[in-house]
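Please open the model in your viewer and keep the sequence beside it. The stops below suggest what to select next and describe what is there.

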Amino acid sequence: MNKYTNIAGIVGNPSFYGEGFRDYSPETMRTMREYGFDTVFVNIAWSRPFIDAVIPEHVMVSKKFPLISPPDVEERFRLFKERTVSAKQSGMRTFALFGIPEYRDYSELPPEYGVLKGESVSSVAPFASDTCISRPEVLDLYTELLSGIVEKVPELDGMLIYNIDELADICRDGSDCPYCKGVPAEKRLSAFLNELFARVRTEKPDLEMWWEPWELSAAQVYGIMKKLDPRIGI
Ligand SMILES: [Zn+2]
């Protein structure tokens, strides 16, 4: 009989930042399989109190915008990679959960980073500005980061992406962003996600892509569903 469903789980406190990958040991993965899970998240974006890998910038460095990654990015990548390899070798499907795009305080970055900036005051984090998904530089940045991740972590089977909340936000329709003002979020976001996923799939054609409709209205979610590439899960 064909298998139509996968069951994904997380392991304990999913971050354990700085404590290795003990929960992704072969023994734990075997127990999860016995419980019926066949997929495991190797990071959880809402990991607290130990912020681990929340956004792609936490595990991958952009050549053009290296300062948006934290100083300990190599350590975070190492843990991310170790968990993914361990889970994969234990027979599990492996998924990452990332917020995109990151809001940040552009006044603390060199002027050339301003090509990424959108709405001046993020609705999630008033101390920061949004990063604008309508700008081609932002599409190029996340293409670089996600493609780098699937290239360096080929054991990763899929990604689940959200766009608003922990460390991530998009410009609002009525924002002061000259690229987004007056353009409905469902149009901007579906175009961004479709193009981003299409580009990353050129690096890894069988990568499974999922989108999480978090912090959007029902009308916006429905509008995006109608425009989203049907190969992207929701
Ligand atoms: Zn914008």
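## From the sheet edge inwards

Begin by selecting strand 1 together with strand 2 (residues 39–41), two strands that pair in the parallel sense over two bridges. Within this pairing, G9 has V40 of strand 2 as its bridge partner. Before going further, bear in mind that this is a predicted model, with an average pLDDT of 91 over the chain and 92% of the residues scoring at least 70. Strand 1 (residues 8–9), where the tour starts, has the lowest mean pLDDT among the elements of the chain, at 89, whereas helix 3 has the highest, at 98.

Now extend the selection from strand 2 to strand 3, which runs parallel to strand 2 and is joined to it by three bridges. Here T39 stands opposite R93 of strand 3. Strand 3 itself (residues 93–99) is worth displaying with its surroundings, because six of its seven residues are buried and the strand is therefore largely enclosed by the rest of the structure.

Add strand 4 (residues 158–162), which pairs with strand 3 in the parallel sense over five bridges. In this pairing the bridge partner of G99 is Y162 in strand 4. Following the backbone, you can trace the chain from strand 3 through helix 3 to strand 4, a β-α-β crossover that is right-handed.

With strand 5 added to the selection, the five strands can be seen as an open sheet in the order 1-2-3-4-5, with parallel pairing. Strand 1 and strand 5 stand at the edges with a single partner strand each, so that one side of each is left without a neighbour in the sheet.

## A loop and the helix after it

Next, select G182, which lies in the loop between strand 4 and helix 4. Is G182 buried or exposed? G182 is exposed, since 9 other C-beta atoms are found within 10 Å, and a residue counts as exposed when that number is 12 or fewer. If you draw a distance from G182 to T143, the C-alpha atoms are 26 Å apart in space, while the two residues are 39 apart in sequence.

From this loop, move on to helix 4 (residues 185–203), whose 19 residues reach 27 Å from the first C-alpha to the last, close to the 27 Å expected at 1.5 Å a residue. Colouring its buried positions will pick out A185, E186, R188, L189, S190, F192, L193, L196, F197 and V200. To see what covers these buried residues of helix 4, show the elements around them, which include helix 3 (136–152), strand 5 (208–211) and helix 5 (218–227).

## The whole chain

Finally, zoom out and display everything, so as to place these stops in the overall fold. The chain contains five helices and five strands, and reading along the sequence gives the pattern β-α-β-α-β-α-β-α-β-α. The C-alpha trace spans about 50 × 40 × 30 Å along its principal axes. A compact globule of 234 residues would have a radius of gyration near 17 Å, and the 18 Å of this chain agrees with that.

Two further values can be kept in mind while rotating the full model. Of the 234 residues, 41% count as buried, and among the contacts with a separation of 6 or more, residues 24 or more positions apart account for 72%.

Conventions. Residues numbered from 1 in each chain as written. Predicted model: local features only at pLDDT ≥ 70, side-chain atom pairs only at ≥ 80, totals over all residues. Helix = DSSP H or I, 4+ residues; strand = E, 2+ residues; numbered from the N terminus. Expected span 1.5 Å × (residues − 1). Buried ≥ 20, exposed ≤ 12 C-beta atoms within 10 Å, placed from the backbone. Contact = placed C-beta atoms within 7 Å. pLDDT = per-residue confidence, 0-100. Pairing = 2+ DSSP bridges. Rg over C-alpha atoms; globule rule 2.2 N^0.38 Å. Right-handed = clockwise from strand over helix to strand, strands pointing away.
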